[in-house]
Amino acid sequence: MELNAILADLGSEAAKRTFLLACKFCFERRNHPWYDARLTDNYEIGRRFVAAVRPERLADFEAAFRVFEVDPGFRTQYRPGFLSQDEFGALEKAVATLESAKFETTERERHGRFKIRNSPRFEAIARKLRPWVEGIVDEPLELSFTLFSRYDGSGKLPPHLDSPDSKWSLGICLASPRPWPIHVSRPIAWPPEPLPDGTPLDAVAADPSLEFGEVLLSPNDAVLFSGNAQWHYRDAAPDFGAAHFDILYLMYVRRGSKPLTRPAEWADFFGMPELEQLHRAFELKAQGRMAGSRQ
Ligand SMILES: [Fe+2]
């Protein structure tokens, strides 16, 4: 919906003022200049917005999002030969039946990958593996989403933190024509601090205090880490020829926290109707219809 249509739809002057205030916060500079930071940005915008319109609820808002914090003692888990032969064979078959027409190509240029989010083919294995992940991370979980990624030889993934809907990322390698490690840091505090102005993302990869570790996955090897609280990156991929590197990510969040990963549900979740106006502003921004939008 266009800005003028939204304003006309809002009716009351109070609702319009709240919406325009939400837009003002959305206009402000991004805090987190890395890939997949939109939800993290939205949380920070949400904090500023709630502080302005419902300051008495700010503590509730912040406390709810603490579910995305990760124990600093957590360490990346690497499991070679993760699934049984039968399970892995079924997964390979599921991948073979993916229709290339359904692959998203929006990250073809930027990351050299094609992806499919939430294919029903991966729901059963995601459900089956949830208790295993719960046992490792010691909290009750629900599936957030599944992501199958296929990289060609132009693959690369600069240092980034995922949005909190990827709190726990279980990656299972399905094909790896040549070794191509992922580098994963120790856990950091969430929400992440904005990077100082002008900090190149390569500086993150070079920071020894982040204790990056290299994980090399062959088919049927798995890695479990916190997507939103552990920096991760892949250097430029080696030449895969006509082949490709395939990985399935199963993303889990604390049970009951999924509405927090969907700004459209914040108003109901918090019982704050004002957050509906913030969601409208996010939508407008995401549509790129707001001057200055960078999303
Ligand atoms: Fe990521």
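**Strands, sheets and helices in a two-domain model**

Phe148 stands opposite Leu248 in strand 10. That pair is a handy way into this predicted model, since it sits where strand 3 (residues 141-151) and strand 10 run antiparallel, joined by 10 bridges. Strand 10 also has a partner in strand 5 (residues 168-175): these two pair in the antiparallel sense as well, over seven bridges. Here Leu170 is the residue that faces Leu250 of strand 10. How much of strand 10 is buried? Nine of the 10 residues in strand 10 (residues 245-254) are buried, so the rest of the structure largely encloses this strand.

Stepping back, strands 3, 5 and 10 belong to an open sheet of six strands, laid out in the order 1-8-5-10-3-2 with antiparallel pairing. Its edges are strand 1 (77-79) and strand 2 (113-117), each of which pairs on one side only. From neighbour to neighbour, the strands of this sheet are turned by 20 degrees on average, direction ignored. At the strand 2 edge, five bridges tie strand 2 to strand 3, and the two run antiparallel. Arg113 stands across from Tyr151 of strand 3 in this pairing. The sheet also has a helix packed on it: helix 7 (residues 123-137) touches strand 1, strand 3, strand 5, strand 8 (222-225) and strand 10. The direction of helix 7 makes about 110 degrees with that of strand 3.

There is another sheet to look at. Four strands make up this open sheet, in the order 4-9-6-7, and again the pairing is antiparallel. Strand 4 (157-160) and strand 7 (213-215) are the edge strands, pairing on one side only. The twist from one strand to the next averages 20 degrees. Strand 6 (residues 182-187) is a good place to see how the sheet is put together. On one hand, strand 6 pairs with strand 7 in the antiparallel sense over three bridges. On the other, three bridges join strand 6 to strand 9 (residues 230-234), and these two run antiparallel too. Which residues does His183 meet in strand 7 and strand 9? His183 stands opposite Glu214 in strand 7, while its bridge partner in strand 9 is Tyr233. Ile182, for its part, has Val215 of strand 7 as its bridge partner. Strand 6 is mostly covered, with five of its six residues buried.

Now for the helices at the start of the chain. Helix 1 (residues 3-10) packs against helix 2 (residues 13-27) at an angle of about 145 degrees, and their axes are 8 Å apart. From helix 1, the residues Ile6, Leu7 and Leu10 meet Ala15, Lys16 and Phe19 of helix 2. Sorted by class, that contact has five nonpolar residues, no polar ones and one charged. Helix 2 also meets helix 3 (residues 38-53): their axes come within 9 Å and cross at roughly 140 degrees. This crossing of helix 2 and helix 3 is right-handed. On the helix 2 side, Thr18, Leu21, Ala22, Phe25 and Cys26 take part, and they meet Ile45, Arg48, Phe49, Ala52 and Val53 in helix 3. The class count for the contact of helix 2 with helix 3 is eight nonpolar, one polar and one charged.

Just ahead of all this comes Glu2, in the segment before helix 1. Is Glu2 buried or exposed? Glu2 has 10 other C-beta atoms within 10 Å, and because the cut-off for exposed is 12 or fewer, Glu2 counts as exposed. Glu2 also shows how the chain comes back on itself: Glu2 and Gln287 are 285 residues apart in sequence, yet their C-alpha atoms are 9.3 Å apart in space.

Finally, the overall layout. The domain assignment splits the protein into domain 1 (3-68 + 262-286) and domain 2 (77-257). The centres of domain 1 and domain 2, taken over C-alpha atoms, are separated by 29 Å. Where the two touch, domain 1 supplies 14 residues and domain 2 supplies 18 residues. On the domain 1 side of this contact, there are eight nonpolar, three polar and three charged residues.

Note on methods:
Residues numbered from 1 in each chain as written. Predicted model: local features only at pLDDT ≥ 70, side-chain atom pairs only at ≥ 80, totals over all residues. Domains from an automatic or database assignment. Contact = placed C-beta atoms within 7 Å. Nonpolar A, V, L, I, M, F, W, Y, C, P; charged D, E, K, R; others polar. Axes fitted to C-alpha atoms, helices over the stretch in contact; angles between N-to-C directions. Pairing = 2+ DSSP bridges. Buried ≥ 20, exposed ≤ 12 C-beta atoms within 10 Å, placed from the backbone. Left-handed = near helix turned anticlockwise from the far one by under 90°.
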